[in-house]
Amino acid sequence: DAIGACLITKTDTNPFFVKMREGATAAAAEKGITLQTYAGRIDGDVENQIAAVESCIAAGVSGILITPSDSRALAPAVTQARAAGILVIALDTPFEPADTASATFATDNFRAGVLIGEWAAATLGDAAASARIATLDLNASQISVDYLRNQGFMTGFGIDVKDPTRIGDEDDGRIVGSDVTNGNEEGGRTAMENLLQVDPAINVVYTINEPAAAGAYEALRAMGRQNEVLIVSVDGGCPGVRNVAEGVIGATSMQFPLRMASMGIEAIAAFAADGTEPANAEGLDFFNTGVTLVTDKPVDGIPSITSDEALGLCWG
Amino acid sequence: MTTTPPPPPRPGPVSGRGPSDFETGLAASPQGVARFEAPRRTPLAGIQHLLHATPTLVPVIVLALSILVFGLIAGERFFSPFNLSLILQQVSIIGILAAAQSLIVLTAGIDLSVAAIMVLMSVVSGKLAITMGVPAPLALGASFALGTLAGMLNGLMVARLKLPPFIVTLGTWNIFFALNLWFSGAQSIRSQDIDAAAPLLKFFGNSFRVAGANITFGSILMVVIFAVLWYVLNRTAWGRHVYAIGDDKAAAELAGIRTDRVLVQVYALAGFICAIGAWAAIGRVGSISPQSFYEGNLQSITAVVIGGISLFGGRGSIMGALFGALIVGVFQSGLRLAGVDVLWQVFAIGWLIIIAVAIDQWIRKVSA
Amino acid sequence: MTTTPPPPPRPGPVSGRGPSDFETGLAASPQGVARFEAPRRTPLAGIQHLLHATPTLVPVIVLALSILVFGLIAGERFFSPFNLSLILQQVSIIGILAAAQSLIVLTAGIDLSVAAIMVLMSVVSGKLAITMGVPAPLALGASFALGTLAGMLNGLMVARLKLPPFIVTLGTWNIFFALNLWFSGAQSIRSQDIDAAAPLLKFFGNSFRVAGANITFGSILMVVIFAVLWYVLNRTAWGRHVYAIGDDKAAAELAGIRTDRVLVQVYALAGFICAIGAWAAIGRVGSISPQSFYEGNLQSITAVVIGGISLFGGRGSIMGALFGALIVGVFQSGLRLAGVDVLWQVFAIGWLIIIAVAIDQWIRKVSA
Amino acid sequence: MNREPILKARGLVKRYGRVTALDDCDFDLMPGEILAVIGDNGAGKSSLIKALSGAIAIDEGEITLDGQPVSFASPLAARDAGIETVYQTLALSPALSIVENMFMGREWRRPGLAGRWFRALDRDRMRAFARDKLSELGLMTIQNIDQPVETLSGGQRQGVAVARAAAFGSRVVILDEPTAALGVKESRRVLELILDVKSRGIPIILISHNMPHVFEVADRIHVHRLGRRLCVIDPREHSMSDAVAYMTGAKAPH
Amino acid sequence: MNREPILKARGLVKRYGRVTALDDCDFDLMPGEILAVIGDNGAGKSSLIKALSGAIAIDEGEITLDGQPVSFASPLAARDAGIETVYQTLALSPALSIVENMFMGREWRRPGLAGRWFRALDRDRMRAFARDKLSELGLMTIQNIDQPVETLSGGQRQGVAVARAAAFGSRVVILDEPTAALGVKESRRVLELILDVKSRGIPIILISHNMPHVFEVADRIHVHRLGRRLCVIDPREHSMSDAVAYMTGAKAPH
Ligand SMILES: Nc1ncnc2c1ncn2[C@@H]1O[C@H](COP(=O)(O)OP(=O)(O)OP(=O)(O)O)[C@@H](O)[C@H]1O
Ligand SMILES: Nc1ncnc2c1ncn2[C@@H]1O[C@H](COP(=O)(O)OP(=O)(O)OP(=O)(O)O)[C@@H](O)[C@H]1O
Ligand SMILES: [Mg+2]
Ligand SMILES: [Mg+2]
């Protein structure tokens, strides 16, 4: 009998997850594993993911790869799956607590934020002390990716973040404000316009992802300020990397969905073969699949790759 | 046949008391009702007629058919008692929301805020019981009361201010959603924390096994809610008033029904059911997530509509909504097991909605 | 006054040809219409009356008031020509969708799929022009044709199959959403790629400056669409037929209007406007994003409703929808500039919807 | 005629925006009589009986029932006081059955636990009663007492509405144009129903535009004009043409 | 009476599910006459005229207009052929103005570019025409020709509907119970309108339950019973009681 595996992503509207699915499908084909894929309809669609986990249990698979829509809400379903003897690996987004899953293969989102924050501060040099910063976040719900990236950026930039799970409680005068983008271009543009109305002198813009960054850039360009503002982002999608090459985005932290997926499939294959469970990286409660800073204006002390190099590694 | 000539009309100003002269001929008129031979029917029209006589049959047949079809496609995995009970479990929350929605749709309203009320109430009971340490029964009681109040707020605006339900609940959807995020701080409450502080909140997550099927208390709750509502709607005066209001509000008012009061009660009851749904949702999801069920409003409407309850009010059985929810569940489960992409699942549900209602319309086209 | 006695009735079976005897008194009856002195009015009732006579004034006043209030709260930043033109720019897409939505709401329908059609069409033109290398005008033409077709699909199901518009468009929303994901592969098309391959697609993103204001072509497009639709609805026979259908479809049918054909045309036109909106959206967003405007359907309904167009059809001016969209834009911008959380923005919009419609209802309560 | 009116109204005023539907209107209904109300379209007849039956709230004026001042907040209140009304629009729920419509708002519950605690309807008893009443009033052509009202003909619907009023009206029965859309045969049936109700000692208010009908059954005729009572005439002492002349304003009553 | 009928129907059948509304029904309308159609409620009178005016599709049978077989797919088609109908439900759009209702579906466009290219309505010309027609028909009490129809009284609405039919009907005018809800004065006005239309040489089909009205204006009376034409009688040769007896089935026509 063939080994069965499941991949459950947050949505299939986001190229990140589309890529993850491609990686998993390719790896599964290579290992002779039958893969079923599921996704929520929109981000935060907890109930569909629970239903998917249940279907996987019912289908008797050996392992489940899942990017939880809600890192807490999915815990019970996953616990149930593990009780049924299934290897559950969280991809991209860790559970809370992380040991809910057998293992976590994820980007260190906080680290991703720190990298771009440090890069922005170093690029500005002395001007960092008088920077005017805008943050373009995901949505009103402030889910973990959202605050981890944001607070990581601020930490990297040298801002006191107060509650590290809370966006907007900072009192650093350099912060102009934050607005939500829903992670797409339209939201990015509108949010940028709004914040420019609050303070037209904004010169550093953090964005939750590259589509939001592209939207922000359009807003800046419409006001003729695109060359005076530093935009940083997280993701590493190919359109984003190309935007780094073209100077739209100053720097972005690249993550590796393909790697997450293929590693996940390999882990399931190993588990199915002899029951070995993957181990987390030392000192972390998850297996870091790595983040890499992508910029064409490297600064000393922060390792980075150029957009050219990144184009070979990017996803989507 | 001979006719008696009519009596001569009485003269001038003082009018006659008695039938007009021309009505004398009436006496001999036949008293029966007209009868025509029934026209021959094509087999299709015959089926149409049968279903027209018992409209609740339609969703049942659709359900049976879809179970059959998916059974053939997806094989025995689909047919297993376990999977079937799983479907029941999976639709239980949307089913409960659909029960609340049905009540409102029967009054010719629509409620875009049911899921928002439910999520808000699960957050309320969770916050109270776990974060603030209120005893679980009290926390649940508070959430029931607030849910009823939230529904009542909708109802008051619909009944007293005469605002269209669509608009009222579009507004309160936004309001409840904002309150939910504010109150929860957008943070889920973890399963372990619930277990530790207030396991009662997860009561409906318990289950038992019968012949391979895994029946959760939540599934049973859903069925019970539908059964009770069916009784209330069909066997009590209040229930008939709900139908009468949906049928023709002005007429119901003139017939002596306190329509405004009943409307407020309907919305309040719907809010209460949503609060019960919130309790069940905690059991189902295992934790309390302020972000879940964002699409629950529209999903509940979908179930109601597929179940053959008219959006114009007053027509349809609440049991239809149960079958409607199950049909959607069977579709989703079947498509999933058949390995169909979410994308095409969404696509299929879109057509399902249209086709189900088109069939319903076709059946209703026959006059009795 | 003396009365002539009525002529004696003619005898027996042969009936009289002429008025009945009792009607002779009619001749002297007054021919004027009854008149009552107008009751004294409280100032409030006076205002209510004035607004009732010119209902389009209401959203204008609300708009003016909210600009004023936010001007006071948020100061001159809000009041600057630049910010006001920015609001215009930000509402332009939802405004165009609201124009399409208005058409449908005027026929007593509702369209949950407008935004889905728009996003799908922006993806279609982008894919064709950029990925497949079709010349830009052709790609746009194709998207217009397909948009019209998508609208027509809705219209055919509403008019021919007599399905409720809510259900049809709930179904097609799902369908178009799925098609959009499938066709785009969930991938955005970058601004720079559009600039390189088909800058025409971003035509409506161009702008010019007048007295500090930054007017985009997209904003102008929105205003032009509303102006044209206003003309069509109020000054052509077709437009009056649209109103007549929304008012009373059966009556319009009997009065000799081809209601089904007009309905299909209305939905097709709405689809066409959505496709134009798709072009404008590319200019506005800069790139082509299959994930934008997920909430556009409900936002367009919100604008229509705040603009005072009745969801029951046949009543309201399309200009109301323009003001409705602007009111929402002003609110969002004002709250933003006043530093209010997104959360409370959602909350405020919720109340805005309810209050705007409640005011509208209050004004309409007076009889003419 | 020096008995006290069973239903009396003084100085009723009802305004709809600019229109004054009732303009300081008086009204008297004597026990056991059939009182016809006639008047032009828009004279305010329906408004008057809606005021009497609690369907609209009056702006000014007072109503007394059997000498007691009453103020009905809703049609239900008037009904509880024994006033049954057949409105111009009939007030039937098309999708509900004949029985359900007859008992709408005054349903009978089952005796004992089922009724008290579970509020179960006593459907059999209601059905039997409804059939009795329909038969009593000669509406034998209705075969299925559970059929939805929307499947009945216009005449049958009128019949059901009148039967409902006749069955439950204990003090006053009000009929607003009960024969407007009916054929000759069907109208005749309704007039018979009216006389039947009267024979049970219940007074009736009948609004109609049909002068021959009015003069046939009415004991007194209330002529309504421009929102007020112009005069009350005795059909045995006035001709139809007088009545028509009064109500249209062609002639002033003496 | 040996001229050819202007409107003729043979063997019309129309079924609604189990109900047969028209059951092999014949019909003849002679030029210039007023033909009354009488019958019980539910006899199929409205169905008959709906079939003639294209408002419903018949299952069987044929209709000829001026000797030419016609088959109207919609009320518009019948109207284009010169048949104007006032339906029982009036078919007016409440929120639209009197002018708009009168011209609904046959609006006049402005001459020249504005009309040809921009399809602009010629509102002034329509307004003037509508005012003329209303005045011609004695409906002087309507003050504002742009007021919405919903602000008119029932009688005024009937007047607008009849005026519309009278103004545009070039071959046949059909009226379905035009006086059902009207008062004595208002009914009289409508009857005058009908005679006025007839005096212009246009034949009229009048459905009514009011026997005195029917016998007053009709040239011939079509008695409808159980979905078919029972007989056609001459009101000068038959009494009202004969007509009533025929239509209710109390007596068979000779
Ligand atoms: N709900 C309402 N809103 C506004 N005006 C109204 C309303 N109801 C009645 N009216 C107006 O009040 C006046 C009296 O109406 P009412 O219905 O009482 O007349 P009526 O005598 O019953 O006429 P009819 O014989 O046509 O039934 C009319 O001018 C009518 O237009
Ligand atoms: N749309 C319909 N659907 C079902 N049955 C119908 C429909 N229209 C008419 N009928 C039925 O057809 C029969 C004839 O109806 P029709 O309206 O033609 O009668 P009528 O002679 O005009 O009656 P009335 O005098 O009451 O207006 C009736 O039994 C009626 O119930
Ligand atoms: Mg009346
Ligand atoms: Mg009829």
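Q: Why is Phe208(B) called partly exposed?
A: Its relative accessibility is 35%. Buried means under 20% relative accessible area, exposed means over 50%, and partly exposed is what sits in between (1.4 Å probe, protein chains only). The value of 35% falls in between, so Phe208(B) counts as partly exposed. A quick note: this is a predicted model, where local features need pLDDT of at least 70 and side-chain atom pairs count only at pLDDT 80 or more, while totals for chains, interfaces and linings use all residues, and side-chain values use heavy atoms, leaving out hydrogens and water. Residues are numbered from 1 along each chain as its sequence is written, with chains lettered from A and ligands numbered from 1 in the order in which they are written.

Q: What does Phe217(B) count as?
A: Phe217(B) comes out at 25% relative accessibility, so it counts as partly exposed.

Q: How many aromatic pairs does the structure hold?
A: There are 45 over all chains. One of these pairs is Phe208(B) with Phe217(B), 6.3 Å centre to centre and with 50° between the planes.

Q: Why is the pair of Phe208(B) and Phe217(B) called tilted?
A: Rings of Phe, Tyr and Trp (its six-membered ring) pair if their centres lie within 6.5 Å; planes under 30 degrees apart are stacked, planes over 60 are edge-to-face, and the rest are tilted. The centres of Phe208(B) and Phe217(B) are 6.3 Å apart and the planes make 50°, so the two rings pair up and land among the tilted ones.

Q: What makes Phe78(C) and Phe79(C) an edge-to-face pair?
A: Here the centres are 6.3 Å apart and the planes make 65°. That angle is past the edge-to-face cut-off, so the label fits. As for exposure, Phe78(C) is buried at 0% relative accessible area, whereas Phe79(C), at 39%, is partly exposed.

Q: Which residues do ring pairs link into a cluster in chain B?
A: Phe208(B) and Phe217(B) turn up again, joined by Phe144(B), Phe203(B), Phe204(B), Phe272(B) and Trp279(B).

Q: How do you know that Lys14(D) sits over the ring of Tyr16(D)?
A: The rule asks for NZ of Lys or CZ of Arg to be within 6 Å of the ring centre and within 35 degrees of the ring normal. The charged end of Lys14(D) is 5.3 Å from the centre of the Tyr16(D) ring, so the distance part of the rule is met. In chain E, Lys14(E) lies over the face of Tyr16(E), also at 5.3 Å from the ring centre.

Q: Why is the reach of helix α1 in chain A close to what is expected?
A: Helices (H or I, at least four residues) and strands (E, at least two) are DSSP runs, numbered from the N terminus. The expected span of a helix is 1.5 Å times one less than its number of residues. For α1(A), residues 15-31, there are 17 residues, so 24 Å is expected, and 24 Å is what it reaches from its first C-alpha to its last. Among its buried residues are Pro15(A), Phe16(A) and Gly23(A).

Q: What do the buried residues of α1(A) pack against?
A: They pack against β1 (4-9), β2 (34-39), β4 (87-91) and α9 (257-274) of chain A. Just after the helix, Gly32(A) takes a positive phi of about 70°.

Q: What makes Ser47(E) buried?
A: Ser47(E) has 11% relative accessibility, which is why it counts as buried. Its place is in helix α1 (residues 45-52) of chain E. Not counting residues up to four places away in sequence, Ser47(E) touches Tyr16(E), Ala21(E), Leu22(E) and Ile56(E), where contact means heavy atoms within 4.5 Å. The C-alpha atoms of Ser47(E) and Ala21(E) are 6.5 Å apart, although the two are 26 residues apart along the chain.

Q: How do you know that Ser47(E) makes a polar contact with ligand 2?
A: A polar contact is a pair of N or O atoms within 3.5 Å; within protein, one must be able to donate a hydrogen and the other to accept it, and residues adjacent in sequence count only if both atoms are side-chain atoms. An N or O atom in the Ser47(E) side chain is 2.6 Å from an oxygen atom of ligand 2, so the pair qualifies. His209(E) offers a side-chain N or O atom at 2.9 Å from an oxygen atom of this ligand, and Glu177(E) has a polar side-chain atom at 3.3 Å from one.

Q: Why is Ser93(E) called buried?
A: Its relative accessible area is 2%, so the buried label applies. Ser93(E) lies in the loop between β6 (83-86) and α3 (98-103) of chain E.
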